[in-house]
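Thanks for making time this morning. I will go through one structure, a few residues at a time, and take it slowly for anyone who has not seen it before.

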Amino acid sequence: MPNKFAWIMSPEKDWEDKKELITTSLESGIDCILDLEDSENIRKVGNFSIISNEEDADIYLIGIDGEGDGTVELKENLNESYDLNKAKEAKNEGKTVCAYIEITDKLHEQLAVSLGRVVDYIILVGTDWTIIPLENIIADLQKENVKIVAAASNVEEAKTALETLEVGTDGVIFEPKDFATIKDIANLIDKLSTESYELVDMTITNVKSLGSGDRVCIDTTTMMKPGEGMLIGSYSKAMFFIHSESLESEYVASRPFRVNAGPVQAYVMVPGNKTRYLSELETGDEVLIVDAEGHTKKSIVGRSKIEKRPLLLLEAEYEDVKVKSLVQNAETIRLVNENGEPVSVSKLESGMKVKGYIDSSARHFGMAIDENIIEQ
C-alpha cells in the first residue's frame, strides 16, 4: 500500500488552548496543518507546512473562506466555476494548490473530479458521508496527479477512507480534539504505510575473499532490535537480508543503530519499493528497516560512513535465480538463516540457507519497471 499521510485542521480554540494539541500532532509526525488565523504562532511551535488562503502559504487553499465555509455556488457549466478558475490561476502562478469542497450532491462530486484534474491536493468533506461518493471520486481520479484527502472525525472514519476501494484516499484531515485521537490516527498512518516483502531462503553456493573496496555503514536514527536489518545487494532484483549490528560481539560493542551494508555500488531498499545506491545515502535520507518476516518500517539516515575495508563475495541461488553480492569481510557482519537466526559471514559455507528478497521487476533509476535487465 502506498505511503499514507495525515493533516490536521487547526482546532477552534483560543491559541493557548490549542497549542498543546498542535504540538502533540507535530510530535506524532503530523506536520501539515490547515489554519486561517494562527500561522505565525504555529511556525513558532515547529516546522509545519501550513495550508491557508494566504499568498505565502506553503499550500495555497481554495474553496474555503474565512468563516470555514466549504460550499460553493455551482453553475451548470462546471468549467465556469469560481473555484476551478481560481485553481487554474494559482497553478499558473507556480503555487502548490489544495482545493476544499463539501460533497452535498452529485454536482459537487463532479466539481471535485474537475478540480482534482487541476490541483495538487483535494480535501473532501461529507456532510452526510457515505462510502459511495468517495469510491466514485477515487475511481475517477486514480490516473491523475492529485492527492485525495478525506475529512474524518475519528480513527474509524479515517481507516475507512484510507482503505476505500482497496487503494483508499492518500490522506486524511481531522480536527484534533484530544490527545488520544491524534495518537490513534498517527499510529493508523504508520500501520497502513508499512511495506512488506516476501523473503525467501537462498542457498549459499560460494564464499570468496577479495581485495579491499569502499564500504558503507548506514547509521540510522533508529535503535534496531535483534532480527532487524536491511535488504542490500549488488543486484536490484535480488538482495540479501543484512542484519543490524544490534548483537554483542567479543570484538566490538553493539551498534544497534547501524547496518554495515556493503560496498558503495550496492543497492539498498528504501520506502516506496525503490532502491538507492549506498554511495548516494546522506544524512536525512530515508531507508527501510526489515525484520525476518519481511515487515518494514522507515528510518532516517543519521550519517553514511564510507571506509576502505576487505571484501567478501557471496554467491547464492534461489530456484533458477543466481545472486551475487559483496560485504565486508568481518565477523561482525551477519546475514539471517532460514530459522531467522543471525549468522556471521565468517561462518557461511556452501549449502547453508540465508534470507533474501527476489524481485520480479527490473529497476530503472531505482524504480520497479516491466523490462528485461540482466545483472551479473
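Let me start with one pair: Lys 18 and Asp 38 form a salt bridge, and their closest N and O atoms are 2.7 Å apart. The two residues come from distant parts of the chain, 20 residues apart. Lys 18 sits in helix α1, residues 15-27, while Asp 38 is in the loop between β2 (32-34) and α2 (39-45). Before I go on, please keep in mind that this is a predicted model.

Are these two residues buried or exposed? Lys 18 has a relative accessible area of 1%, and Asp 38 has 12%. The cut-off for buried is under 20%, so Lys 18 counts as buried, and so does Asp 38.

Which other residues belong to this network of salt bridges? Asp 35 and Glu 37 are linked in it with Lys 18 and Asp 38. Over the whole model, the count comes to 24 salt bridges.

I will show two more of them. In the first, the side chains of Glu 163 and Lys 159 meet, at 2.9 Å from N to O. Both residues lie in helix α6, four residues apart, which is about one turn of the helix. In general, an α-helix has 3.6 residues a turn, so residues three or four places apart point the same way. Glu 163 is partly exposed, with a relative accessible area of 31%, and Lys 159 is also partly exposed, at 37%.

The second is between the side chains of Lys 305 and Glu 307, with an N to O distance of 3.9 Å. Glu 307 counts as partly exposed because its relative accessibility is 22%.

Now to a helix with a good deal of cover. How many of the eleven residues of helix α4 are buried? The number is eight, which leaves α4, residues 106-116, mostly covered. Those buried residues are His 108, Glu 109, Leu 111, Ala 112, Val 113, Ser 114, Leu 115 and Gly 116. At the N-terminal end of α4 there is a cap, provided by Asp 105. A side-chain oxygen of Asp 105 lies 3.2 Å from the backbone nitrogen of Leu 107.

Next, the stretch that follows helix α6. Thr 169 is placed in the loop between α6 (155-163) and β8. Thr 169 counts as buried because its relative accessibility is 0%. A polar atom of the Thr 169 side chain lies 3.0 Å from the backbone oxygen of Gly 171.

Further along is Asp 178, in the loop between β8 (171-174) and α7 (179-192). At 33% relative accessibility, Asp 178 counts as partly exposed. Which residues gather with Asp 178 in a patch of negative charge on the surface? They are Glu 156, Glu 157 and Asp 184.

My last residue is Ile 189, which lies in helix α7. Ile 189 is buried, with a relative accessible area of 9%. Along the chain, Ile 189 and Ala 6 are 183 residues apart, yet their C-alpha atoms are separated by 7.1 Å.

To recap, we began with Lys 18 and Asp 38, a salt bridge between distant parts of the chain, and ended with Ile 189, a buried residue. That is what I had, and I can take questions now.

Notes
Residues numbered from 1 in each chain as written. Predicted model: local features only at pLDDT ≥ 70, side-chain atom pairs only at ≥ 80, totals over all residues. Heavy atoms only, no water. Patch = residues over 30% accessible without salt bridge, like charges linked within 9 Å, V, L, I, M, F, W, Y side chains within 5 Å. Areas by Shrake-Rupley, 256 points an atom, 1.4 Å probe, with all protein chains shown as cover. Salt bridge = Lys/Arg side-chain N within 4 Å of Asp/Glu carboxyl O. Lys, Arg positive; Asp, Glu negative; His and termini not counted. Charge placed at Lys NZ, Arg CZ, Asp CG, Glu CD. Buried < 20%, exposed > 50% of the residue type's maximum accessible area, 1.4 Å probe, protein only. Polar contact = N/O pair within 3.5 Å; in protein donor to acceptor, adjacent residues only side chain to side chain.
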